[in-house]
Amino acid sequence: MQELQVLLDGGYKAAGLTKFKLTCPLASFPAEILELGDELEQLDLSGTGLSSLPSNLGSALPNLKIAFFSDCNFAIFPKQLAQCPNLEMVAFRNNGMVEIPEDSLPLQLRWLILTGNRIASLPASIGRCTRLQKCMLAGNQLQHLPTEMAQCRKLGLLRLSVNRFESLPPWLFTLPELAFVSFAGNTCTAPAANGAVTKAAFRLAHVNWSDLELQETLGQGASGVISQGLWKQSPDYAEEVAVKLFHGALTSDGTPADEMAAFIAAGAHESLISVMGRIHGHPEEEEETTPGADKNNNKFQGGIVMQLIPPYYTVLGQPPSLASCTRDCFPTPQNGTTTPKLNASQALSMLVGLAGAAEHLHARGIAHGDLYAHNILASRDDEHALLGDFGAATIYAHGPEHECGIEKLEVLAFAHLVEDFLSNLIKTEGESEGGEGDVDVAMRRGLQQLQARCAAADVEARPTFEQVLEELEGMMGWRGMMRIPDIPNPTASASASVGVGVAAASS
Ligand SMILES: Nc1ncnc2c1ncn2[C@@H]1O[C@H](COP(=O)(O)OP(=O)(O)OP(=O)(O)O)[C@@H](O)[C@H]1O
(Lines give C-alpha, C1' and ligand atoms only; values in the text may rest on other atoms or scores of the structure.)
Protein backbone atom coordinates (compact mmCIF):
# COMPACT_ATOMS: atom_id res chain seq x y z
CA MET A 1 0.00 0.00 0.00
CA GLN A 2 1.26 3.49 -0.83
CA GLU A 3 1.05 6.72 1.18
CA LEU A 4 -0.88 9.82 0.21
CA GLN A 5 1.78 12.31 1.30
CA VAL A 6 4.51 10.55 -0.68
CA LEU A 7 2.21 10.62 -3.71
CA LEU A 8 1.48 14.33 -3.28
CA ASP A 9 5.22 15.05 -2.95
CA GLY A 10 5.86 13.31 -6.26
CA GLY A 11 7.66 10.43 -4.55
CA TYR A 12 6.13 7.76 -6.78
CA LYS A 13 6.45 9.68 -10.04
CA ALA A 14 9.39 7.82 -11.57
CA ALA A 15 9.05 4.69 -9.46
CA GLY A 16 7.58 2.59 -12.28
CA LEU A 17 4.76 1.33 -10.05
CA THR A 18 2.47 -1.25 -11.64
CA LYS A 19 0.14 -1.36 -8.63
CA PHE A 20 -1.10 1.54 -6.57
CA LYS A 21 -3.32 1.42 -3.50
CA LEU A 22 -4.62 4.00 -1.02
CA THR A 23 -7.22 3.51 1.69
CA CYS A 24 -7.18 6.93 3.42
CA PRO A 25 -10.23 9.19 2.98
CA LEU A 26 -10.05 11.26 -0.23
CA ALA A 27 -12.20 14.30 -1.01
CA SER A 28 -11.25 14.11 -4.67
CA PHE A 29 -9.12 12.02 -7.03
CA PRO A 30 -5.45 13.03 -6.52
CA ALA A 31 -4.14 14.27 -9.87
CA GLU A 32 -0.70 12.85 -8.98
CA ILE A 33 -2.05 9.33 -9.57
CA LEU A 34 -2.34 10.22 -13.26
CA GLU A 35 1.43 10.86 -13.29
CA LEU A 36 2.02 7.15 -12.65
CA GLY A 37 1.32 6.85 -16.36
CA ASP A 38 1.95 3.95 -18.71
CA GLU A 39 3.29 1.58 -16.08
CA LEU A 40 0.22 1.49 -13.85
CA GLU A 41 -1.88 -1.65 -14.27
CA GLN A 42 -3.73 -1.92 -10.99
CA LEU A 43 -5.40 0.90 -9.06
CA ASP A 44 -7.11 0.24 -5.73
CA LEU A 45 -8.86 3.19 -4.11
CA SER A 46 -11.43 1.14 -2.20
CA GLY A 47 -12.58 2.64 1.08
CA THR A 48 -11.43 6.16 0.21
CA GLY A 49 -14.97 7.53 -0.20
CA LEU A 50 -14.31 8.87 -3.71
CA SER A 51 -17.31 9.76 -5.85
CA SER A 52 -15.83 10.96 -9.16
CA LEU A 53 -12.92 10.40 -11.55
CA PRO A 54 -10.93 12.85 -13.71
CA SER A 55 -11.96 13.12 -17.36
CA ASN A 56 -8.50 12.19 -18.69
CA LEU A 57 -8.15 8.97 -16.68
CA GLY A 58 -8.10 6.74 -19.77
CA SER A 59 -5.45 8.70 -21.67
CA ALA A 60 -3.27 9.21 -18.57
CA LEU A 61 -3.38 5.55 -17.46
CA PRO A 62 -3.68 3.69 -20.77
CA ASN A 63 -2.51 0.33 -19.39
CA LEU A 64 -4.84 0.17 -16.43
CA LYS A 65 -6.17 -3.40 -16.22
CA ILE A 66 -7.73 -3.51 -12.76
CA ALA A 67 -9.59 -0.75 -10.89
CA PHE A 68 -11.13 -1.16 -7.44
CA PHE A 69 -13.46 1.49 -5.99
CA SER A 70 -15.41 -0.59 -3.47
CA ASP A 71 -16.87 1.07 -0.35
CA CYS A 72 -16.80 4.47 -2.04
CA ASN A 73 -19.60 6.85 -3.02
CA PHE A 74 -20.07 6.51 -6.76
CA ALA A 75 -23.82 6.98 -7.21
CA ILE A 76 -23.33 6.72 -10.98
CA PHE A 77 -20.90 4.37 -12.74
CA PRO A 78 -18.17 6.75 -14.02
CA LYS A 79 -18.12 6.99 -17.81
CA GLN A 80 -14.38 7.73 -17.77
CA LEU A 81 -13.65 4.03 -17.27
CA ALA A 82 -14.94 3.30 -20.77
CA GLN A 83 -11.94 5.30 -22.01
CA CYS A 84 -9.46 2.87 -20.44
CA PRO A 85 -8.60 0.61 -23.39
CA ASN A 86 -7.18 -2.27 -21.34
CA LEU A 87 -9.45 -2.29 -18.31
CA GLU A 88 -10.50 -5.88 -17.55
CA MET A 89 -11.62 -5.85 -13.95
CA VAL A 90 -13.71 -3.25 -12.17
CA ALA A 91 -15.14 -3.31 -8.64
CA PHE A 92 -17.73 -0.93 -7.15
CA ARG A 93 -18.98 -3.02 -4.25
CA ASN A 94 -21.14 -1.12 -1.72
CA ASN A 95 -21.23 2.32 -3.31
CA GLY A 96 -24.95 3.05 -3.08
CA MET A 97 -24.76 3.11 -6.89
CA VAL A 98 -28.10 3.67 -8.60
CA GLU A 99 -27.22 4.07 -12.26
CA ILE A 100 -24.98 2.65 -14.96
CA PRO A 101 -25.23 4.96 -17.99
CA GLU A 102 -25.19 3.51 -21.49
CA ASP A 103 -21.67 3.01 -22.90
CA SER A 104 -19.97 3.51 -19.55
CA LEU A 105 -18.74 -0.09 -19.21
CA PRO A 106 -15.19 -0.69 -20.54
CA LEU A 107 -15.31 -2.91 -23.63
CA GLN A 108 -12.45 -5.15 -22.52
CA LEU A 109 -14.19 -6.00 -19.26
CA ARG A 110 -13.80 -9.60 -18.04
CA TRP A 111 -14.75 -9.22 -14.37
CA LEU A 112 -17.40 -6.80 -13.11
CA ILE A 113 -18.18 -6.44 -9.39
CA LEU A 114 -21.25 -4.41 -8.44
CA THR A 115 -22.31 -6.30 -5.30
CA GLY A 116 -24.40 -4.41 -2.73
CA ASN A 117 -25.64 -1.36 -4.60
CA ARG A 118 -29.08 -0.05 -5.56
CA ILE A 119 -28.92 -0.70 -9.27
CA ALA A 120 -32.35 -1.30 -10.82
CA SER A 121 -31.26 -1.88 -14.41
CA LEU A 122 -28.17 -2.60 -16.48
CA PRO A 123 -27.42 -0.74 -19.72
CA ALA A 124 -28.15 -2.51 -23.00
CA SER A 125 -24.56 -1.70 -23.98
CA ILE A 126 -23.33 -4.43 -21.59
CA GLY A 127 -23.93 -6.66 -24.61
CA ARG A 128 -20.87 -5.08 -26.19
CA CYS A 129 -18.67 -6.41 -23.37
CA THR A 130 -18.23 -9.71 -25.18
CA ARG A 131 -15.19 -10.70 -23.08
CA LEU A 132 -17.20 -10.57 -19.82
CA GLN A 133 -16.59 -13.76 -17.83
CA LYS A 134 -17.56 -12.95 -14.26
CA CYS A 135 -20.39 -10.67 -13.22
CA MET A 136 -21.20 -10.04 -9.56
CA LEU A 137 -24.59 -8.39 -9.14
CA ALA A 138 -25.83 -9.75 -5.78
CA GLY A 139 -27.64 -7.30 -3.52
CA ASN A 140 -29.13 -4.89 -6.02
CA GLN A 141 -32.66 -4.07 -7.21
CA LEU A 142 -32.64 -5.81 -10.57
CA GLN A 143 -35.84 -7.28 -11.96
CA HIS A 144 -34.52 -7.97 -15.43
CA LEU A 145 -31.29 -8.30 -17.36
CA PRO A 146 -31.09 -6.61 -20.75
CA THR A 147 -31.59 -9.11 -23.58
CA GLU A 148 -28.45 -7.66 -25.16
CA MET A 149 -26.53 -9.40 -22.37
CA ALA A 150 -27.16 -12.63 -24.27
CA GLN A 151 -24.24 -11.48 -26.43
CA CYS A 152 -21.88 -11.91 -23.46
CA ARG A 153 -21.17 -15.45 -24.64
CA LYS A 154 -18.05 -15.83 -22.48
CA LEU A 155 -19.96 -15.34 -19.23
CA GLY A 156 -18.98 -18.14 -16.85
CA LEU A 157 -20.02 -16.93 -13.40
CA LEU A 158 -23.07 -14.81 -12.59
CA ARG A 159 -24.27 -13.75 -9.16
CA LEU A 160 -27.88 -12.52 -9.05
CA SER A 161 -28.79 -13.28 -5.43
CA VAL A 162 -30.80 -10.78 -3.40
CA ASN A 163 -32.38 -8.87 -6.26
CA ARG A 164 -35.98 -8.68 -7.48
CA PHE A 165 -36.11 -11.24 -10.26
CA GLU A 166 -39.51 -12.84 -10.75
CA SER A 167 -38.05 -15.19 -13.34
CA LEU A 168 -34.73 -15.80 -15.04
CA PRO A 169 -34.39 -14.85 -18.71
CA PRO A 170 -34.51 -17.86 -21.07
CA TRP A 171 -31.38 -16.72 -22.93
CA LEU A 172 -29.38 -17.37 -19.75
CA PHE A 173 -29.76 -21.07 -20.54
CA THR A 174 -28.21 -20.63 -23.97
CA LEU A 175 -24.92 -19.14 -22.75
CA PRO A 176 -22.38 -21.84 -23.60
CA GLU A 177 -19.88 -21.02 -20.83
CA LEU A 178 -22.19 -20.19 -17.93
CA ALA A 179 -21.46 -22.65 -15.12
CA PHE A 180 -21.72 -20.88 -11.76
CA VAL A 181 -24.98 -19.04 -11.02
CA SER A 182 -26.49 -17.89 -7.73
CA PHE A 183 -30.00 -16.41 -7.50
CA ALA A 184 -31.26 -17.03 -3.97
CA GLY A 185 -33.18 -14.19 -2.32
CA ASN A 186 -35.26 -13.21 -5.35
CA THR A 187 -39.02 -13.23 -5.79
CA CYS A 188 -38.70 -16.37 -7.92
CA THR A 189 -37.01 -18.27 -5.10
CA ALA A 190 -39.10 -17.04 -2.18
CA PRO A 191 -38.77 -19.48 0.76
CA ALA A 192 -42.57 -19.79 0.93
CA ALA A 193 -42.46 -21.53 -2.44
CA ASN A 194 -40.15 -24.18 -1.07
CA GLY A 195 -41.09 -27.40 0.58
CA ALA A 196 -37.43 -28.43 0.72
CA VAL A 197 -36.45 -26.25 3.67
CA THR A 198 -39.12 -27.47 6.04
CA LYS A 199 -38.65 -31.08 5.01
CA ALA A 200 -34.94 -31.10 5.82
CA ALA A 201 -35.36 -28.88 8.87
CA PHE A 202 -37.71 -31.50 10.28
CA ARG A 203 -34.81 -33.92 10.66
CA LEU A 204 -32.47 -31.34 12.10
CA ALA A 205 -31.26 -31.42 15.70
CA HIS A 206 -31.97 -28.44 17.93
CA VAL A 207 -28.59 -27.58 19.44
CA ASN A 208 -28.46 -25.33 22.47
CA TRP A 209 -25.62 -22.84 22.34
CA SER A 210 -24.93 -23.65 26.00
CA ASP A 211 -24.22 -27.28 25.00
CA LEU A 212 -21.42 -26.24 22.66
CA GLU A 213 -17.78 -25.66 23.50
CA LEU A 214 -15.88 -23.90 20.72
CA GLN A 215 -12.24 -24.81 20.11
CA GLU A 216 -9.77 -23.80 17.41
CA THR A 217 -10.75 -22.10 14.16
CA LEU A 218 -10.85 -24.44 11.16
CA GLY A 219 -11.67 -21.98 8.44
CA GLN A 220 -12.87 -18.47 7.79
CA GLY A 221 -15.01 -17.64 4.81
CA ALA A 222 -16.86 -14.59 3.60
CA SER A 223 -20.02 -15.60 5.43
CA GLY A 224 -18.68 -16.78 8.75
CA VAL A 225 -16.19 -18.63 10.87
CA ILE A 226 -15.90 -22.41 11.18
CA SER A 227 -14.54 -23.78 14.46
CA GLN A 228 -13.91 -27.17 15.84
CA GLY A 229 -16.15 -27.83 18.84
CA LEU A 230 -17.62 -30.21 21.34
CA TRP A 231 -21.37 -30.82 21.39
CA LYS A 232 -22.24 -31.97 24.91
CA GLN A 233 -25.35 -34.01 24.32
CA SER A 234 -25.62 -35.44 27.81
CA PRO A 235 -23.59 -35.20 31.04
CA ASP A 236 -21.48 -38.17 29.95
CA TYR A 237 -21.45 -37.83 26.14
CA ALA A 238 -19.87 -35.16 23.98
CA GLU A 239 -19.32 -35.37 20.23
CA GLU A 240 -16.57 -33.66 18.24
CA VAL A 241 -18.20 -31.42 15.64
CA ALA A 242 -17.57 -28.39 13.43
CA VAL A 243 -19.54 -25.21 14.15
CA LYS A 244 -20.22 -22.50 11.61
CA LEU A 245 -21.41 -19.14 12.92
CA PHE A 246 -22.79 -16.95 10.14
CA HIS A 247 -22.11 -13.23 10.29
CA GLY A 248 -22.75 -10.16 8.13
CA ALA A 249 -25.52 -9.47 5.68
CA LEU A 250 -24.26 -9.93 2.16
CA THR A 251 -21.33 -11.62 0.44
CA SER A 252 -20.60 -11.51 -3.25
CA ASP A 253 -22.49 -14.81 -3.56
CA GLY A 254 -25.58 -14.01 -1.48
CA THR A 255 -26.69 -13.76 2.14
CA PRO A 256 -25.52 -15.95 5.03
CA ALA A 257 -29.20 -16.67 5.79
CA ASP A 258 -29.75 -18.14 2.31
CA GLU A 259 -26.50 -20.11 2.61
CA MET A 260 -27.64 -21.62 5.87
CA ALA A 261 -31.10 -22.45 4.47
CA ALA A 262 -29.62 -24.24 1.45
CA PHE A 263 -27.04 -26.09 3.56
CA ILE A 264 -29.83 -27.36 5.81
CA ALA A 265 -32.17 -28.18 2.91
CA ALA A 266 -29.41 -30.21 1.26
CA GLY A 267 -29.83 -33.01 3.79
CA ALA A 268 -27.44 -35.92 3.99
CA HIS A 269 -25.31 -37.48 1.27
CA GLU A 270 -22.02 -39.34 1.59
CA SER A 271 -20.25 -36.71 -0.52
CA LEU A 272 -21.75 -33.62 1.10
CA ILE A 273 -20.54 -32.08 4.35
CA SER A 274 -23.54 -32.81 6.55
CA VAL A 275 -25.38 -30.43 8.82
CA MET A 276 -26.30 -32.12 12.09
CA GLY A 277 -28.17 -29.36 13.84
CA ARG A 278 -29.12 -25.74 14.05
CA ILE A 279 -27.92 -23.61 16.94
CA HIS A 280 -30.44 -21.91 19.22
CA GLY A 281 -29.90 -19.58 22.14
CA HIS A 282 -26.74 -17.82 20.86
CA PRO A 283 -26.27 -14.64 22.94
CA GLU A 284 -26.52 -12.39 19.86
CA GLU A 285 -29.59 -14.16 18.51
CA GLU A 286 -32.13 -12.00 20.27
CA GLU A 287 -30.40 -8.66 19.66
CA GLU A 288 -32.48 -6.17 17.70
CA THR A 289 -31.10 -4.86 14.42
CA THR A 290 -30.11 -1.24 14.88
CA PRO A 291 -32.40 0.90 12.71
CA GLY A 292 -30.46 2.16 9.69
CA ALA A 293 -27.54 -0.11 10.48
CA ASP A 294 -24.90 -0.52 7.80
CA LYS A 295 -25.82 -3.39 5.51
CA ASN A 296 -22.31 -4.76 5.96
CA ASN A 297 -22.59 -4.99 9.69
CA ASN A 298 -21.22 -8.06 11.33
CA LYS A 299 -24.53 -9.11 12.79
CA PHE A 300 -24.95 -12.73 13.88
CA GLN A 301 -27.12 -14.55 11.35
CA GLY A 302 -27.39 -18.00 12.88
CA GLY A 303 -25.28 -21.07 13.35
CA ILE A 304 -25.10 -24.73 12.44
CA VAL A 305 -23.38 -27.79 13.77
CA MET A 306 -21.72 -29.94 11.10
CA GLN A 307 -19.94 -33.26 11.03
CA LEU A 308 -16.26 -32.66 11.75
CA ILE A 309 -14.14 -33.45 8.73
CA PRO A 310 -10.72 -34.84 9.81
CA PRO A 311 -7.60 -32.80 9.00
CA TYR A 312 -6.32 -35.32 6.45
CA TYR A 313 -9.17 -34.23 4.18
CA THR A 314 -7.64 -31.37 2.23
CA VAL A 315 -9.01 -28.94 -0.35
CA LEU A 316 -8.60 -30.12 -3.93
CA GLY A 317 -7.92 -26.69 -5.45
CA GLN A 318 -7.30 -23.03 -4.80
CA PRO A 319 -9.85 -20.30 -5.68
CA PRO A 320 -9.50 -18.55 -9.04
CA SER A 321 -6.83 -15.89 -9.39
CA LEU A 322 -7.20 -12.58 -11.18
CA ALA A 323 -5.74 -14.25 -14.25
CA SER A 324 -7.70 -17.50 -14.14
CA CYS A 325 -10.91 -15.51 -13.41
CA THR A 326 -13.56 -18.26 -13.36
CA ARG A 327 -11.33 -21.33 -13.03
CA ASP A 328 -9.62 -22.75 -9.97
CA CYS A 329 -5.84 -22.72 -9.52
CA PHE A 330 -3.75 -25.81 -8.82
CA PRO A 331 -0.23 -26.39 -7.57
CA THR A 332 2.27 -26.82 -10.37
CA PRO A 333 5.93 -27.85 -10.44
CA GLN A 334 6.57 -24.35 -11.84
CA ASN A 335 5.36 -22.66 -8.66
CA GLY A 336 6.99 -25.38 -6.54
CA THR A 337 3.83 -26.41 -4.72
CA THR A 338 2.95 -29.81 -6.09
CA THR A 339 0.89 -32.17 -3.96
CA PRO A 340 0.59 -35.94 -4.36
CA LYS A 341 -1.75 -36.73 -7.23
CA LEU A 342 -4.62 -39.19 -7.39
CA ASN A 343 -4.53 -42.57 -9.02
CA ALA A 344 -7.32 -43.66 -11.35
CA SER A 345 -9.28 -45.48 -8.67
CA GLN A 346 -9.16 -42.55 -6.22
CA ALA A 347 -10.19 -40.04 -8.88
CA LEU A 348 -13.06 -42.09 -10.20
CA SER A 349 -14.37 -42.86 -6.75
CA MET A 350 -14.31 -39.15 -5.83
CA LEU A 351 -16.03 -38.12 -9.05
CA VAL A 352 -18.76 -40.72 -8.57
CA GLY A 353 -19.37 -39.31 -5.08
CA LEU A 354 -19.42 -35.71 -6.28
CA ALA A 355 -21.74 -36.42 -9.21
CA GLY A 356 -23.97 -38.24 -6.72
CA ALA A 357 -23.93 -35.22 -4.40
CA ALA A 358 -24.90 -32.90 -7.28
CA GLU A 359 -27.65 -35.30 -8.34
CA HIS A 360 -28.89 -35.40 -4.74
CA LEU A 361 -28.99 -31.59 -4.59
CA HIS A 362 -30.82 -31.09 -7.88
CA ALA A 363 -33.32 -33.81 -6.97
CA ARG A 364 -34.17 -31.48 -4.07
CA GLY A 365 -34.24 -28.39 -6.28
CA ILE A 366 -30.96 -26.99 -5.00
CA ALA A 367 -28.22 -25.54 -7.19
CA HIS A 368 -24.84 -25.43 -5.48
CA GLY A 369 -23.67 -22.52 -7.60
CA ASP A 370 -20.00 -22.93 -6.70
CA LEU A 371 -19.10 -26.48 -7.73
CA TYR A 372 -15.38 -25.86 -7.61
CA ALA A 373 -12.41 -27.97 -6.50
CA HIS A 374 -11.62 -25.32 -3.87
CA ASN A 375 -14.93 -26.16 -2.17
CA ILE A 376 -14.14 -29.87 -1.99
CA LEU A 377 -12.35 -31.58 0.90
CA ALA A 378 -10.87 -34.93 -0.08
CA SER A 379 -8.97 -37.84 1.39
CA ARG A 380 -6.85 -39.74 -1.10
CA ASP A 381 -6.54 -42.82 1.09
CA ASP A 382 -10.30 -43.02 1.61
CA GLU A 383 -10.96 -42.32 -2.09
CA HIS A 384 -13.57 -39.91 -0.78
CA ALA A 385 -14.48 -36.29 -1.57
CA LEU A 386 -16.89 -33.99 0.25
CA LEU A 387 -18.56 -30.92 -1.23
CA GLY A 388 -19.11 -27.96 1.10
CA ASP A 389 -19.55 -24.17 0.99
CA PHE A 390 -23.19 -23.45 0.18
CA GLY A 391 -22.52 -19.69 -0.03
CA ALA A 392 -23.76 -19.46 -3.63
CA ALA A 393 -26.45 -22.13 -3.36
CA THR A 394 -30.03 -21.50 -4.44
CA ILE A 395 -33.11 -23.45 -3.49
CA TYR A 396 -34.99 -23.28 -6.76
CA ALA A 397 -37.52 -26.07 -6.17
CA HIS A 398 -40.94 -24.93 -7.30
CA GLY A 399 -39.28 -21.67 -8.27
CA PRO A 400 -38.48 -20.46 -11.76
CA GLU A 401 -39.52 -22.33 -14.90
CA HIS A 402 -36.15 -23.55 -16.40
CA GLU A 403 -35.44 -26.05 -13.63
CA CYS A 404 -33.78 -28.40 -16.07
CA GLY A 405 -31.66 -25.57 -17.49
CA ILE A 406 -30.41 -24.68 -14.02
CA GLU A 407 -29.14 -28.22 -13.55
CA LYS A 408 -27.53 -28.25 -16.99
CA LEU A 409 -25.60 -25.06 -16.18
CA GLU A 410 -24.18 -26.81 -13.14
CA VAL A 411 -23.33 -29.83 -15.29
CA LEU A 412 -20.86 -27.51 -17.04
CA ALA A 413 -19.28 -26.76 -13.65
CA PHE A 414 -18.92 -30.52 -13.23
CA ALA A 415 -17.29 -30.68 -16.67
CA HIS A 416 -14.74 -28.11 -15.46
CA LEU A 417 -14.16 -30.24 -12.38
CA VAL A 418 -13.56 -33.35 -14.48
CA GLU A 419 -11.17 -31.33 -16.64
CA ASP A 420 -9.36 -30.14 -13.50
CA PHE A 421 -9.07 -33.75 -12.35
CA LEU A 422 -7.69 -34.80 -15.74
CA SER A 423 -5.18 -31.96 -16.05
CA ASN A 424 -4.12 -31.33 -12.47
CA LEU A 425 -5.23 -33.99 -10.05
CA ILE A 426 -4.83 -37.38 -11.69
CA LYS A 427 -1.37 -38.86 -12.19
CA THR A 428 -0.23 -38.76 -15.78
CA GLU A 429 1.75 -41.51 -17.47
CA GLY A 430 5.14 -40.19 -16.46
CA GLU A 431 4.08 -39.85 -12.84
CA SER A 432 2.63 -43.33 -12.36
CA GLU A 433 4.90 -46.12 -11.36
CA GLY A 434 5.59 -48.23 -14.43
CA GLY A 435 3.34 -46.05 -16.62
CA GLU A 436 -0.41 -46.16 -16.89
CA GLY A 437 -2.12 -49.48 -17.31
CA ASP A 438 -4.78 -50.11 -19.95
CA VAL A 439 -7.45 -49.54 -17.36
CA ASP A 440 -6.15 -46.05 -16.50
CA VAL A 441 -5.76 -45.10 -20.15
CA ALA A 442 -9.33 -46.18 -20.85
CA MET A 443 -10.62 -44.40 -17.75
CA ARG A 444 -8.92 -41.22 -18.86
CA ARG A 445 -10.48 -41.55 -22.28
CA GLY A 446 -13.90 -42.25 -20.74
CA LEU A 447 -13.62 -39.14 -18.55
CA GLN A 448 -12.56 -37.04 -21.53
CA GLN A 449 -15.62 -38.18 -23.46
CA LEU A 450 -17.93 -37.50 -20.52
CA GLN A 451 -16.33 -34.10 -19.94
CA ALA A 452 -16.94 -33.13 -23.56
CA ARG A 453 -20.62 -34.05 -23.36
CA CYS A 454 -21.05 -32.17 -20.06
CA ALA A 455 -19.41 -29.11 -21.64
CA ALA A 456 -21.53 -29.16 -24.81
CA ALA A 457 -22.15 -25.63 -26.09
CA ASP A 458 -25.78 -26.65 -26.60
CA VAL A 459 -26.87 -26.46 -22.95
CA GLU A 460 -29.92 -28.64 -23.46
CA ALA A 461 -27.85 -31.42 -24.99
CA ARG A 462 -25.82 -31.89 -21.81
CA PRO A 463 -26.60 -34.95 -19.69
CA THR A 464 -28.39 -34.60 -16.35
CA PHE A 465 -26.49 -35.43 -13.17
CA GLU A 466 -28.42 -38.68 -12.99
CA GLN A 467 -27.02 -39.64 -16.38
CA VAL A 468 -23.53 -38.44 -15.44
CA LEU A 469 -23.64 -40.52 -12.29
CA GLU A 470 -24.82 -43.57 -14.18
CA GLU A 471 -21.98 -43.21 -16.65
CA LEU A 472 -19.35 -42.76 -13.96
CA GLU A 473 -20.69 -45.71 -12.03
CA GLY A 474 -20.46 -47.69 -15.25
CA MET A 475 -16.77 -46.83 -15.47
CA MET A 476 -16.30 -47.87 -11.86
CA GLY A 477 -18.09 -51.11 -12.50
CA TRP A 478 -15.99 -51.67 -15.57
CA ARG A 479 -12.87 -51.34 -13.48
CA GLY A 480 -14.01 -54.31 -11.48
CA MET A 481 -15.71 -56.21 -14.25
CA MET A 482 -13.35 -55.29 -17.13
CA ARG A 483 -16.26 -53.67 -18.93
CA ILE A 484 -15.29 -50.69 -21.09
CA PRO A 485 -17.78 -47.99 -22.13
CA ASP A 486 -18.82 -48.14 -25.76
CA ILE A 487 -17.15 -44.98 -27.00
CA PRO A 488 -15.66 -44.06 -30.37
CA ASN A 489 -11.89 -44.29 -30.19
CA PRO A 490 -9.87 -41.66 -32.07
CA THR A 491 -6.50 -43.24 -31.21
CA ALA A 492 -6.98 -46.76 -32.47
CA SER A 493 -3.48 -48.06 -31.77
CA ALA A 494 -3.48 -47.14 -28.08
CA SER A 495 -6.80 -48.89 -27.61
CA ALA A 496 -6.14 -52.12 -29.49
CA SER A 497 -5.52 -54.21 -26.40
CA VAL A 498 -8.30 -52.40 -24.48
CA GLY A 499 -10.75 -53.19 -27.28
CA VAL A 500 -10.05 -56.90 -26.90
CA GLY A 501 -10.95 -56.49 -23.23
CA VAL A 502 -14.37 -55.09 -24.17
CA ALA A 503 -15.20 -57.99 -26.40
CA ALA A 504 -14.02 -60.49 -23.84
CA ALA A 505 -15.88 -58.85 -20.98
CA SER A 506 -19.15 -58.38 -22.78
CA SER A 507 -19.30 -61.82 -24.34
N1 LIG B 1 -17.29 -29.54 8.66
C2 LIG B 1 -16.04 -29.13 8.60
N3 LIG B 1 -15.06 -29.79 9.24
C4 LIG B 1 -13.77 -29.38 9.18
N5 LIG B 1 -13.36 -28.28 8.51
C6 LIG B 1 -14.28 -27.56 7.84
C7 LIG B 1 -15.67 -27.95 7.85
N8 LIG B 1 -16.35 -27.06 7.10
C9 LIG B 1 -15.45 -26.18 6.66
N10 LIG B 1 -14.21 -26.45 7.09
C11 LIG B 1 -12.98 -25.70 6.82
O12 LIG B 1 -13.30 -24.34 6.64
C13 LIG B 1 -12.92 -23.89 5.32
C14 LIG B 1 -13.92 -22.86 4.82
O15 LIG B 1 -15.18 -23.47 4.74
P16 LIG B 1 -16.32 -22.92 3.77
O17 LIG B 1 -15.78 -22.94 2.40
O18 LIG B 1 -17.57 -23.64 4.04
O19 LIG B 1 -16.44 -21.44 4.32
P20 LIG B 1 -17.10 -20.23 3.62
O21 LIG B 1 -17.42 -19.23 4.67
O22 LIG B 1 -18.29 -20.69 2.88
O23 LIG B 1 -15.95 -19.78 2.65
P24 LIG B 1 -16.04 -18.94 1.30
O25 LIG B 1 -15.44 -17.61 1.60
O26 LIG B 1 -15.19 -19.76 0.34
O27 LIG B 1 -17.46 -18.87 0.87
C28 LIG B 1 -12.87 -25.17 4.49
O29 LIG B 1 -12.03 -25.04 3.40
C30 LIG B 1 -12.34 -26.17 5.53
O31 LIG B 1 -10.93 -26.05 5.64
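Two residues are in contact here if their C-beta atoms, placed from the backbone, lie within 7 Å. Keep that in mind as you click around. This is a predicted model, so local features need pLDDT of at least 70 and side-chain atom pairs count only at pLDDT 80 or more, while totals for chains, interfaces and linings use all residues. Residues are numbered from 1 along each chain as its sequence is written.

**The whole protein**

Start with everything in cartoon. You'll find 9 helices and 19 strands; helices (H or I, at least four residues) and strands (E, at least two) are DSSP runs, numbered from the N terminus. Of the 507 residues, 43% count as buried. A residue is buried if 20 or more other C-beta atoms lie within 10 Å of its own, exposed if 12 or fewer, and partly exposed in between, again with C-beta atoms placed from the backbone. Among contacts with a separation of 6 or more, 56% are between residues 24 or more positions apart.

**First stop: the parallel sheet**

Now select strands 1 to 8. These 8 strands form an open sheet in the order 1-2-3-4-5-6-7-8, with parallel pairing. Strand 1 (19-21) and strand 8 (180-182) each have a single partner strand, so one side of each is left without a neighbour in the sheet. On average, neighbouring strands here are turned by 5° against each other, direction ignored. (Axes are lines fitted to C-alpha atoms, for helices over the stretch in contact, and angles run from 0 to 180 degrees between N-to-C directions.)

Zoom in on strand 1 and strand 2 (residues 42-44), which pair in the parallel sense over 3 bridges; two strands pair if DSSP finds at least two bridges between them. Click Lys-21 and you'll see Asp-44 in strand 2 opposite.

Before leaving, select Val-162, in the loop between strand 7 (157-159) and strand 8. Its phi is near 55°, a positive value in a residue other than glycine. Is Val-162 buried or exposed? Val-162 counts as buried because it has 26 C-beta neighbours inside 10 Å.

**Second stop: the mixed sheet**

Next, select strands 9 to 14. These 6 strands form an open sheet in the order 9-13-14-12-11-10, and the pairing is mixed. At the edges are strand 9 (205-208) and strand 10, each pairing on one side only. Neighbouring strands of this sheet are turned by 35° against each other on average, direction ignored.

Strand 14 (300-307) is a handy one to colour. How many bridges join strand 12 (residues 237-247) to strand 14? There are 7, and the two strands run antiparallel. Phe-246 has Gly-302 in strand 14 as its bridge partner. Strand 14 also pairs with strand 13 (residues 275-280), in the antiparallel sense over 3 bridges, and there Gly-277 stands opposite Val-305.

Stay in strand 12 and pick Lys-244. An unreviewed UniProt entry lists Lys-244 for "binding site"; UniProt positions are given in the numbering used here, feature names are shortened, and annotations may be inferred rather than shown by experiment. Lys-244 counts as buried because it has 27 C-beta neighbours inside 10 Å. Leaving aside its neighbours within four places in sequence, Lys-244 is in contact with Gly-224, Ile-226, Gly-303, Ile-304 and Met-306.

**Third stop: helix 4**

Add helix 4 (residues 256-266), which is mostly covered, with 10 of its 11 residues buried. Among those buried are Met-260, Phe-263 and Ile-264. The helix lies across strand 11, strand 12, strand 13 and strand 14, running at about 30° to strand 14. Right after helix 4 comes Gly-267, with a positive phi near 65°.

**Fourth stop: the ligand**

Centre on the ligand and show what's around it. Its shell has 18 residues, the closest being Gly-219, Gly-221, Ala-242, Ile-309 and Asp-389; a residue is near a molecule or strand if its C-beta atom, placed from the backbone, lies within 6 Å of it. Which strands each supply at least two residues of this shell? They include strand 10 (212-220), strand 11 (224-234) and strand 14. By type, the shell divides into 9 nonpolar, 8 polar and 1 charged. Here Ala, Val, Leu, Ile, Met, Phe, Trp, Tyr, Cys and Pro count as nonpolar, Asp, Glu, Lys and Arg as charged, and the others, Gly among them, as polar.

**Last stop: Cys-325**

Finally, select Cys-325, in the loop between strand 15 (314-315) and helix 5 (344-363). Cys-325 has a positive phi of about 60° although it is not a glycine. With 16 C-beta neighbours inside 10 Å, Cys-325 counts as partly exposed.
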